[in-house]
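Look at the sequence and the structure below before reading on. The paragraphs that follow go from the interior to single residues and back to a pair of helices.

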Amino acid sequence: MGEIEQEKLTEAAALKTRELTVSMGPQHPATHGVLRLVLDLDGETVVKCTPHVGYLHRGIEKLAENRTYLSALPLTDRLDYISSMSNNIGYVVAVERLLGIEAPERAKFIRTIVGEMTRISSHIIWVATHALDIGAMTVFLYSFREREWILDLLEMLCGARLTVSYPRIGGVRNDVSQEFIDSLYKFVEGFDKRVDEYETLIDQNRIWLKRTKGIGVISAEEAVNWGLSGPMVRGSGIPYDVRKYAPYDAYDKVEFEVPVGKDPGDVYDRYRCRMIELRQSAWIIKQCIEKLPAGPVMAPDAPKFTLPPKDRVLKDMESLIHHFILITKGPTTAPKGEIYSSVEVPKGELGFYIVSDGTGRPYRMRLRAPSFIHASVLPRLCEGGLIADVIANIGTIDIVLGECDR
Amino acid sequence: MEFKKIIKTIFFTEILKGMALTFKSMLSPAVTRQYPEEKHPAMPGFRGLHALVVDPATGKEKCIACGLCAAICPSQCIYIYSTEGPDNKKFAERYEIELTRCIYCAFCVEACPVGAIVLTEHYEYTDYSREALYMTKEKLMANWNKYMAGPKGEEYFKKFWHPTADDYRAYDGQPMFRKREG
């Protein structure tokens, strides 16, 4: 060994190595919004991961306190803005349970249909962006074709594409049209083939498998302890689904399976869960359309909580009074009390805790946002892994910061 | 089993399958829309730019300045300054909507007891100045004349002014699932 080489070796031994702290986000393209992760790195290994949330805080819970039950509805659109319909449904179901009214059968079926439509569109976005983050761009181009169809259908239904505000307390805003039903049925009939296409592209792809298998492993017991829900807990093998355990709307009248992942509960298992859920959602929609009953879409027996029909407002004194009171003060005959009600949104279990003090406005509205709870499990998934897998882990929890920060 | 796996690994079958799909879609018609040249036709009932209904009989607005739209508005972007007219009737001297704050939920349409405000199907109204996005009464009435006047406006209230009496009952010809022929 030469003298110079010997010198270099001693120099290298004398060099100190230290952990590097990297701030990832809030403007990182793979953080799905404004999530910031502070990563302590030892080489390429993540030693410590600290999520910082709150960049998208708009005070939705507080804002709701100053609004009537009806006019707080558009706020819930802005929670998880890629599946706004599911949030709307969660809110109106909670308020309906609080007020003690029930939506008519047809409205329940319509809500189930639109809820599953947004589940499809949310999962489609998820598979598109998750694959894009990991490096498979093609799926993105295919899945946005189907998403466009769903958004067009929502536009046909209620006039808005993203922030729909379609369900109402005691029913839905308007009845569906024949054109909508026909087009949606055509969509769900051909949807399984579309899912097959996504799977052709990534399901067996060796790069995809390398990036997802054995990454972000969380066991069933741990998943429950962390309070995970939705595909996160189902991917670990727990068949927990609010639609099955506490059915709302028309979920107890349709058949569907709750897909669970196999051992060990990694990123790939959760991906499989969501792909099966896509097919199940299409199946639910198909059943709902076939079983769609005739009838009213707004509860006819709750005049103190639902707006009177427009043709009666200027003819009938009582209706006019109800109309003015409901718009300006909200349902002032709302019972005092509190309620916790949860629904299954694409991300997991979205809970609404509403305290009513008998005025037309919620005294307090608290949200159990699945994205927030899933963000808390990020350090557990990332620590000990490589920095490249942090991206896969952010993708797999399907975080939407609008809901996380509220 | 092992042999099949080796063949699959050597010949990249799963990647070739994916590429075959890509090739197939290359030959099928494109689904993308070249937006500024090729516009997306808004569906009927689209929640776009606001308009104040002009009564064709009088040429004045239908609005009675009751303030319900301002009361329900979740973003509180409607400002109404009412005053007494020469015929001792209340009317809106100024009716203003701040488009930059509006969230297009159409609750104002639902709240209005007389059907005096609509959301038109027009959705391309971006501008560089805030003044252009601050709608006054005159601008809103001009919107009506431009986008909704005539039978289209009447049709709007028949179809998209909810809740209607039909929403509270089962009626003939309610949209149902129908099997396609063949």
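How many residues does the largest nonpolar core have, and which of them have the most contacts inside it? In this predicted model, the largest nonpolar core has 99 residues. Those with the most contacts inside it are A:Y91, A:M117, A:Y166 and A:I354. Helix 5 of chain A, residues 105-134, gives the most to this core, namely 12 residues. Apart from this core lies another, of 34 residues, which includes B:A106, B:C108, B:I117 and B:L133. As a general background, nonpolar side chains tend to be buried together in soluble globular proteins.

A:Y91 can be followed from its own position. Leaving aside neighbours within four places in sequence, A:Y91 is in contact with A:Y69, A:A72, A:L73 and A:T76. The list for A:Y91 also includes A:F352, A:I354 and A:M365. One of these, A:I354, is itself among the residues with the most contacts inside the core.

Now return to helix 5 of chain A. Of its 30 residues, 26 are buried, so the helix is mostly covered. Its length can be checked by a short calculation. At 1.5 Å a residue, the 30 residues of helix 5 of chain A should span 44 Å. The C-alpha atoms at the ends of this helix are 43 Å apart, which agrees. After helix 5 of chain A comes A:G135, whose phi is positive, near 130°.

A:T396 belongs to helix 18 of chain A, residues 387-396. Is A:T396 buried or exposed? Its relative accessible area is 0%, so A:T396 is buried. Without neighbours within four places in sequence, the contacts of A:T396 are A:W126, A:H130, A:M232, A:V267, A:R270 and A:R274.

Chain B holds some backbone angles to look at. Phi of B:Q76 is near 50°, a positive value in a residue other than glycine. B:Q76 is in the loop between helix 3 (68-72) and strand 2 (78-84) of chain B. With 44% relative accessibility, B:Q76 counts as partly exposed. B:Y104 also has a positive phi in a residue other than glycine, near 55°. The loop that holds B:Y104 runs between strand 3 (90-98) and helix 4 (107-111) of chain B. B:Y104 has a relative accessible area of 17%, and therefore it is buried, the cut-off being under 20%.

At the start of chain B, B:E2 is in helix 1, residues 2-11. Because its relative accessibility is 54%, B:E2 counts as exposed. B:E2 and B:A42 are 40 residues apart in sequence, and their C-alpha atoms are 56 Å apart in space.

Last come two helices of chain B. At what angle do helix 5 and helix 6 of chain B pack? Helix 5 (residues 137-148) and helix 6 (residues 151-160) of chain B pack at about 100°, and their axes are 8 Å apart. That angle makes helix 5 of chain B roughly perpendicular to helix 6 of chain B, since 65 to 115 degrees counts as roughly perpendicular. From helix 5 of chain B, B:W144, B:Y147 and B:M148 meet B:K152, B:G153, B:Y156 and B:F157 in helix 6 of chain B. The residues of this contact divide into five nonpolar, one polar and one charged. In the segment after helix 6 of chain B lies B:P163. The peptide bond from B:H162 to B:P163 is cis, with omega near -10°.

Notes: Residues are numbered from 1 along each chain as its sequence is written. Chains are lettered from A and ligands numbered from 1 in the order in which they are written. This is a predicted model: local features need pLDDT of at least 70, side-chain atom pairs count only at pLDDT 80 or more; totals for chains, interfaces and linings use all residues. Side-chain values use heavy atoms; hydrogens and water are left out. Axes are lines fitted to C-alpha atoms, for helices over the stretch in contact, and angles run from 0 to 180 degrees between N-to-C directions. Helices (H or I, at least four residues) and strands (E, at least two) are DSSP runs, numbered from the N terminus. Angles under 35 degrees count as roughly parallel, over 145 as roughly antiparallel, 65 to 115 as roughly perpendicular and the rest as oblique. Contact means heavy atoms within 4.5 Å. Ala, Val, Leu, Ile, Met, Phe, Trp, Tyr, Cys and Pro count as nonpolar, Asp, Glu, Lys and Arg as charged, and the others, Gly among them, as polar. A nonpolar core is a set of buried Ala, Val, Leu, Ile, Met, Phe, Trp, Tyr and Cys residues joined through side-chain atoms within 4.5 Å. Buried means under 20% relative accessible area, exposed over 50%, partly exposed in between (1.4 Å probe, protein chains only). The expected span of a helix is 1.5 Å times one less than its number of residues.
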